[in-house]
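User: Please choose one part of this model and look at it closely with me, step by step. I am new to reading structures, so a slow and connected explanation would help.

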Amino acid sequence: MLVFITGASIILLLYILISHFILKRKLNIEEKRLRPFSKNRNKLFLITEIISIIALTVIGIVYIDFAEPAHFSRTFIPKLIVVLFFTQQVIRGLELWAFNREEKSYYYQTLGATMFLALFLVFYFTEGYLP
């Protein structure tokens, strides 16, 4: 448990330091936040994001319903949530890159996707240490 908390804390600290000091202060890049129902969102990216949310929710429900107690992984749902957030960051980053490339606000989404990927790896490699 200590290994997981330490790894996750380091990842979160690095994310905050990079986003605040490098992207915001040094490179002067403003963060542009996209939400599922933000104004002027591209329909293709919005539909892709909604499909990914529905698909990962269905996968989670099916896993919970059909997993045998002996094979049930307690870290499956947290890993699935991290994959969902990773997918959202990638989709939003691609949308910002495609339509607002000159503002470079997609750097924040790329950093967020990298953080969630690193967090997934921490979940994966510390699964044996969690109680």
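Analyst: A helix here is a DSSP run of type H or I with at least four residues, and the helices are numbered from the N terminus. With that in hand, the part to look at is helix α1, which covers residues 2–26, in what is a predicted model.

Let us begin with the helix on its own. α1 has 25 residues and reaches 34 Å from its first C-alpha to its last, a span close to the 36 Å expected at 1.5 Å a residue. Along the way there is a kink of about 25°, and the centre of this kink is I18.

What comes after α1, and what is the sign of its phi? The helix is followed by N28, whose phi is positive, near 55°, and N28 is a residue other than glycine. N28 lies in the loop between α1 and α2, and it counts as exposed because its relative accessibility is 57%, where exposed means over 50%. The loop between α1 and α2 is also the place of N40, which is not a glycine either and has a positive phi of about 60°. N40 is exposed, with a relative accessible area of 77%.

Now turn to the partner of α1. The axes of α1 and of helix α4, which covers residues 106–125, come within 10 Å and cross at roughly 170°. Angles over 145 degrees count as roughly antiparallel, and therefore α1 and α4 are roughly antiparallel to each other. If you follow the contact residue by residue, the α1 side is made of F4, G7, A8, I11, L12, Y15, I18, S19, L23 and K24, while the α4 side is made of Y107, Y108, L111, G112, M115, A118, L119, V122 and F123. The residues of this contact divide into 15 nonpolar, three polar and one charged. I18, which is the centre of the kink, is one of the residues of α1 that meet α4.

Which residues of α1 are buried? They are F4, G7, A8, I11, S19 and L23, and the buried residues of α1 pack against α4.

It helps to look back from the other side as well. α4 has 20 residues and reaches 29 Å from its first C-alpha to its last, close to the 28 Å expected at 1.5 Å a residue. The buried residues of α4 include Y108, L111, G112, M115, L119, V122 and F123, and each of these is among the α4 residues that meet α1. What covers the buried residues of α4 includes α1 and α3, the latter spanning residues 76–99.

Since α3 has come up, one more pairing can be set beside the pairing we started from. α2 and α3 pack at an angle of about 170°, with their axes 10 Å apart, and that makes α2 roughly antiparallel to α3. Among the residues that make this contact are F45, S52, I53 and L56 of α2 and F76, L80, L84 and Q88 of α3, and the residues of the contact divide into 14 nonpolar, five polar and three charged.

To gather the thread, α1 is a helix with a kink centred on I18, its buried residues pack against α4, and it is followed by N28 with a positive phi.

Terms used:
Residues are numbered from 1 along each chain as its sequence is written. This is a predicted model: local features need pLDDT of at least 70, side-chain atom pairs count only at pLDDT 80 or more; totals for chains, interfaces and linings use all residues. Side-chain values use heavy atoms; hydrogens and water are left out. Axes are lines fitted to C-alpha atoms, for helices over the stretch in contact, and angles run from 0 to 180 degrees between N-to-C directions. Helices (H or I, at least four residues) and strands (E, at least two) are DSSP runs, numbered from the N terminus. Angles under 35 degrees count as roughly parallel, over 145 as roughly antiparallel, 65 to 115 as roughly perpendicular and the rest as oblique. Contact means heavy atoms within 4.5 Å. Ala, Val, Leu, Ile, Met, Phe, Trp, Tyr, Cys and Pro count as nonpolar, Asp, Glu, Lys and Arg as charged, and the others, Gly among them, as polar. The expected span of a helix is 1.5 Å times one less than its number of residues. The bend at a residue is the angle between axes fitted to the seven residues ending there and the seven starting there. Buried means under 20% relative accessible area, exposed over 50%, partly exposed in between (1.4 Å probe, protein chains only).
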